[in-house]
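Reader: I have a model to go through and some questions about it. Please keep the answers short.

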Amino acid sequence: MALVLGATFLWLPAADAAGAGGVFSAPELARIIVLHLPNSMVVVIAAFTSGWYAFCYLTRGRNPSDDIRSKTAVSLAAVFCILATVTGAIFAKAEWGAYWNWDPKQSCIFLLLLIYAAYFVLRGGIEDVEKRAAVCAVYVLFAVLMTPLLGYVVPKYMATQSLHPQNTHFDPAYGRTIMAAIAGFIGLFAWLQNIAVRADLARLAWEEHRCKQ
Amino acid sequence: MQAMMPLLIVALVVWLGVFSFIWSVDRKVSALEREVKEAIGEGKETVSQ
């Protein structure tokens, strides 16, 4: 990640000098795409991870550790979704004059954040542990479907009027840096997921031990 | 390139802070796991936070 940051600030050219067609009024700040895009990718990866464990929970004998893994991945999807929104808003302020413009992509990511927020409300609203896990697993499968739909399909194909630059050609250096950043952010997601799952499993083991005594 | 150096230093410091924080949490979770394992093995009733 340190190398990615170094490359972003020292190696990448400003976006307009790189043949982006002069579409950016803040070409230096367009470097933020190196953080914005990988964050968005990790949201999708985290959502699919949570969906996979939710599916495992429903089909593989209702194992509580699957519920924990699914919950942790949703939490991280929400965190990376907030990071993607913040990095996008910073660029929006420089580019379009306001942090929030209700652009189709911004509206869709807002809906996605609401969907993730509803998951935590749902989780907090059910007392029974097994019922909570089952209901949340089904909800996660819905959230997983909505993530690529709201993040990519709706803004790309259903909302043609967008402030977001379309078909922009960046310098090839951007592609390489973004790929490295995606690898770094996926590693960060895996690390955070591992830590949170281990902490929750330790808590679960401790609670089971207390119940037995 | 020179104009970007202060921004790079700020970004690196922020990243170092985030990395150190996550690493410290990782170590705390490892210690908690060990403690829970030992407590369950010994049949204790409390684990230090």
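Reader: Which element gives the largest share of the lining of the second largest pocket?
Author: This is a predicted model. Five helices each supply at least two residues of that lining: α1 (2-11), α2 (33-59), α3 (64-96) and α6 (172-212) of chain A, together with α1 (5-42) of chain B. The largest share is 7 residues, and the element that supplies them is α1(B).

Reader: What is the volume of the second largest pocket, and which residues are closest to its centre?
Author: The volume is about 760 Å³. The lining has 27 residues, and those closest to the centre come from both chains: A:L5, A:L35, A:T87, B:A11 and B:V14.

Reader: How many residues of the lining of the second largest pocket are nonpolar?
Author: The lining divides by class into nonpolar, polar and charged residues. The charged class has 2 residues and the polar class 3, while the nonpolar count is 22.

Reader: What is the area buried between chain B and chain A, and which three residues of chain B supply more of its share than any other three?
Author: The contact involves 25 residues of chain B and 20 residues of chain A. The buried area is about 2,100 Å², with 77% of it from carbon and sulfur atoms. Of the area that chain B buries against chain A, 27% is supplied by B:M4, B:W15 and B:I22.

Reader: How many salt bridges does the rule find across the interface, and how far apart are the closest N and O atoms of A:R198 and B:E33?
Author: Side chains of opposite charge can pair when their charged atoms come close. Across the interface of chain B and chain A the count is 2 salt bridges. A salt bridge needs a nitrogen-to-oxygen distance within 4 Å, and for A:R198 and B:E33 the closest N and O atoms are apart by 3.1 Å.

Reader: What are the classes of the residues on the side of chain B that touches chain A?
Author: Between the two chains there are 4 residue pairs in polar contact. By class, the touching side of chain B has 4 charged residues, 3 polar and 18 nonpolar.

Reader: Which helices of chain A does the salt bridge of A:R123 and A:D67 link?
Author: Over all chains the search finds 7 salt bridges. In the pair A:R123 and A:D67, N and O are 2.8 Å apart. The two residues lie 56 residues apart and link distant parts of the chain, namely helix α4 (residues 104-125) and helix α3.

Reader: How many helices and strands does chain A have?
Author: Along the sequence, chain A reads α-α-α-α-α-α. The strand count is 0, and the helix count is 6.

Methods: Residues are numbered from 1 along each chain as its sequence is written. Chains are lettered from A and ligands numbered from 1 in the order in which they are written. This is a predicted model: local features need pLDDT of at least 70, side-chain atom pairs count only at pLDDT 80 or more; totals for chains, interfaces and linings use all residues. Side-chain values use heavy atoms; hydrogens and water are left out. Contact means heavy atoms within 4.5 Å. Buried area is the accessible area (1.4 Å probe) that two parts lose on being put together, summed over both. A salt bridge is a side-chain nitrogen of Lys or Arg within 4 Å of a carboxyl oxygen of Asp or Glu. A polar contact is a pair of N or O atoms within 3.5 Å; within protein, one must be able to donate a hydrogen and the other to accept it, and residues adjacent in sequence count only if both atoms are side-chain atoms. Ala, Val, Leu, Ile, Met, Phe, Trp, Tyr, Cys and Pro count as nonpolar, Asp, Glu, Lys and Arg as charged, and the others, Gly among them, as polar. On a 1 Å grid over the protein atoms alone, a cavity is a set of points where a 1.4 Å probe fits but cannot get out, and a pocket is an open set with protein on both sides within 12 Å along at least five of seven lines; lining residues have an atom within 4 Å of a point. Grid points are joined across faces, edges and corners, and a volume is the space filled by probe spheres set on the points. Helices (H or I, at least four residues) and strands (E, at least two) are DSSP runs, numbered from the N terminus.
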